[in-house]
Amino acid sequence: MISDDALAVRTLGPCRIDSPLAALLEPRRTTEHYVDEDDRVLLDDTVAMVAAHGTPVDKLPGFEPAGPRRKIYFHPSKVRVGIVTCGGLCPGLNDVIRGLVMELTLHYGVHRIAGFRNGYQGFIARYGRQVLDLTPDMVRGINEDGGTILGTSRGEQDPDEIVDCLEQMGINVLFVIGGDGTMRGALRIADTVAERGLKISVIGVPKTIDNDIPYLDHSFGFQTAFAKAAESIRTAHVEARSVPGGVGLVRLMGRHSGFIACYAALANTDADYVLIPEVPFPLDGFLNHLADRVKRRGHAVVVVAEGAGQEHLPAAPARYDASGNTMLRDIGLFLRERIGEHFAARGDEVYLKYVDPSYAIRSVPANSYDSVYCLRLAHTAVHAAMAGRTAMVVGRWHGRFVNIPIPLAISRRNTVDPNGDLWLSVLEATGQPHEWGA
Ligand SMILES: Nc1ncnc2c1ncn2[C@@H]1O[C@H](COP(=O)(O)OP(=O)(O)O)[C@@H](O)[C@H]1O
Ligand SMILES: O=P(O)(O)OC[C@H]1O[C@](O)(COP(=O)(O)O)[C@@H](O)[C@@H]1O
Ligand SMILES: [Mg+2]
């Protein structure tokens with residue numbers, strides 16, 4: 001059960017300034033397509049889940065709706081904004097930067113926007129990263145390119161040094177675009193700001209191709225990434241079905257969550273097996289099933305997420321990247337080896353085609369759907385910041401834009417539920433067993 005406290009968004013203080021967007025809001029009070037600022041977006045959306053609370057409707061847990069407020073906290077002409085992108089790349093980073101700059105400038109009249117380079121390193125003097133002045137001219141057309149014009153990095157930086165930099169530059173609002181690690185860092189920045197009694201709003205726009213941040217319908221860039229990954233599955237399928245004993249093996253990103261593998265596999269239903277971290281599989285059971293299938297049908301396609309089946313790899317000391325993320329061993333190469341050996345031991349013919357699109361799925365520009373989503377998240381983030389919200393991320397939950405406290409957004413990881421409907425769809429589309437034989 002999530003408490004009201006956990007859902008409450010922190011604010012810097014009362015909103016006393018008329019918003020330049022106030023006139024747009026009046027007709028929206030009464031339509032079902034807009035959630036008024038005094039309303040809440042319910043956390044739960046089934047009758048059974050709501051009934052389980054056993055509380056009156058107005059006591060049900062809900063998120064603060066996102067969107068412009070009639071009164072805002074910051075005076076636009078006095079505000080100085082910072083923007084930073086951190087962690088691994090993701091389609092749509094440039095769309096978000098562009099959306100933030102355009103909304104701040106054109107709708108709120110904020111003209112001082114600093115782009116910090118290479119993630120949290122951008123705040124630390126010894127790295128010597130130049131700060132960019134972001135203007136509408138600067139961000140024109142950047143959404144047509146993948147990556148981020150600000151650059152990114154992994155590796156922890158001292159929140160005190162970051163806040164020193166924000167203070168020295170007179171930054172009042174910091175937009176942080178990144179994944180779970182980035183949001184942990186953003187929370188430490190917001191906490192340091194509060195300890196020093198400063199009034200700096202820290203607003204996150206959650207980024208992850210892995211779709212592993214909870215309380216979001218899905219993260220931006222995810223759709224572009226899995227669409228790109230689906231092309232690799234199509235490639236593997238065409239190759240595999242063209243030769244006798246063809247096995248297409250596709251390894252996809254997805255460190256702890258198998259969403260990319262599941263959605264890419266469902267996009268064209270060419271996959272016969274989807275292996276994800278959330279659903280363990282016995283190696284021999286899988287290999288036998290695969291060999292039987294290839295014998296029976298002539299070919300097969302296997303999609304494996306990078307975090308799947310790690311327990312089958314030979315034991316080795318754990319390795320971590322600069323941000324402390326576990327560096328996984330390559331399940332794709334391992335399976336390629338083992339499939340070859342297994343078929344050979346059975347005396348079965350096999351032509352294995354290995355496809356690893358790797359970074360190609362995340363370095364591409366956002367597709368149109370993600371571009372729209374990024375733009376709307378950026379608008380939402382600007383509204384929250386101008387209203388003095390802090391230590392929160394923006395997201396879309398059950399189709400509604402909401403403000404989510406960072407502690408909640410990093411409280412757990414979003415994973416594919418082996419008992420949920422997504423995995424059921426994968427089982428239906430692939431025909432792979434839901435329980436493997438020995
Ligand atoms: N627990 C943490 N506290 C503070 N900063 C963190 C923490 N975890 C990660 N970070 C910082 O956030 C940035 C991005 O984190 P990383 O895990 O690499 O990517 P992502 O944000 O995509 O998950 C890095 O600079 C990293 O050091
Ligand atoms: O090689 P890198 O840049 O460390 O990134 C690899 C990782 O980045 C991801 O694409 C996304 O991870 P983050 O969201 O933490 O950046 C993972 O699927 C993958 O394991
Ligand atoms: Mg991460």
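# Exercises on strand β10, its sheet and two ligand sites

Both faces of β10 are covered, with Ser201, Ile203 and Val205 buried on one side and Val202, Gly204 and Pro206 buried on the other. Buried here stands for under 20% relative accessible area, exposed for over 50% and partly exposed for values in between (1.4 Å probe, protein chains only). Strands (E, at least two residues) and helices (H or I, at least four) are DSSP runs numbered from the N terminus.

This is a predicted model, in which local features need pLDDT of at least 70 and side-chain atom pairs count only at pLDDT 80 or more, while totals for chains, interfaces and linings use all residues. Residues are numbered from 1 along each chain as its sequence is written, chains are lettered from A and ligands numbered from 1 in the order in which they are written, and side-chain values use heavy atoms, with hydrogens and water left out.

## Exercise 1

Describe the surroundings of Ser201 and explain why β10 is described as largely enclosed.

**Solution.**

Step 1. Locate the residue: Ser201 belongs to strand β10, which covers residues 201-206.

Step 2. Assess its exposure: with a relative accessible area of 0%, Ser201 is buried.

Step 3. List its contacts (heavy atoms within 4.5 Å). Apart from neighbours within four places in sequence, Ser201 is in contact with Leu12, Phe74, Asn172, Val173, Leu174, Ala385, Arg389 and Thr390.

Step 4. Examine the side chain: that of Ser201 reaches the backbone oxygen of Arg389 at 2.6 Å.

Step 5. Extend the view to the strand: because 6 of the 6 residues of β10 are buried, the strand is largely enclosed by the rest of the structure.

## Exercise 2

Determine how β10 pairs with β9 and β16, and place these strands in the sheet.

**Solution.**

Step 1. Apply the criterion: two strands pair if DSSP finds at least two bridges between them.

Step 2. Take β9 (residues 173-178): this strand and β10 pair in the parallel sense over 6 bridges. The bridge partner of Gly178 in β10 is Pro206.

Step 3. Trace the connection: β9, helix α7 (residues 180-195) and β10 make a right-handed β-α-β unit. Right-handed means that, with the strands pointing away from the viewer, the path from the first strand over the helix to the second runs clockwise.

Step 4. Take β16 (residues 392-397): its pairing with β10 is parallel, over 2 bridges. Ile203 stands opposite Met392 in β16.

Step 5. Continue beyond β9: strand β6 (residues 80-85) pairs with β9 in the parallel sense over 5 bridges, and Val81 has Val173 of β9 as its bridge partner.

Step 6. Assemble the sheet: 9 strands form an open sheet of mixed pairing, in the order β3-β4-β17-β16-β10-β9-β6-β7-β8. The edge strands, β3 (41-42) and β8 (132-133), each pair on one side only.

## Exercise 3

Characterise the polar environment and the coverage of ligand 1 and ligand 2.

**Solution.**

Step 1. Identify the residues around ligand 1 (a heavy atom within 4 Å). There are 16 of them, the closest being Gly155, Glu156, Asp180, Thr182 and Ser323.

Step 2. Inspect pairs of N or O atoms within 3.5 Å. A polar backbone atom of Glu156 is 2.7 Å from an oxygen atom of ligand 1. Polar side-chain atoms of Arg188 and Asn325 lie 3.3 Å from a nitrogen atom and 3.0 Å from an oxygen atom of ligand 1, respectively.

Step 3. Evaluate coverage: of the 560 Å² of accessible area that ligand 1 has on its own, the protein covers 89%. Such areas come from the Shrake-Rupley method with a 1.4 Å probe; for residues, only the protein chains shown count as cover.

Step 4. Turn to ligand 2, whose surrounding residues include Lys207, Thr208, Ile209 and Asp210. A backbone N or O atom of Gly88 and a side-chain N or O atom of Arg154 each lie 3.0 Å from an oxygen atom of ligand 2. For a polar backbone atom of Gly254, the distance to an oxygen atom of ligand 2 is 3.3 Å. The protein covers 83% of the 480 Å² of accessible area that ligand 2 has on its own.

## Exercise 4

Which backbone feature marks Tyr215 and His398, and is each residue buried or partly exposed?

**Solution.**

Step 1. Tyr215, in the loop between β10 and α8 (222-241), has a positive phi of about 60° although it is not a glycine. Its relative accessible area is 9%, so Tyr215 is buried.

Step 2. His398, in the loop between β16 and β17 (400-405), has a positive phi near 50° and is likewise a residue other than glycine. With a relative accessible area of 34%, His398 is partly exposed.

Note on methods
Polar contact = N/O pair within 3.5 Å; in protein donor to acceptor, adjacent residues only side chain to side chain. Near = heavy atom within 4 Å.
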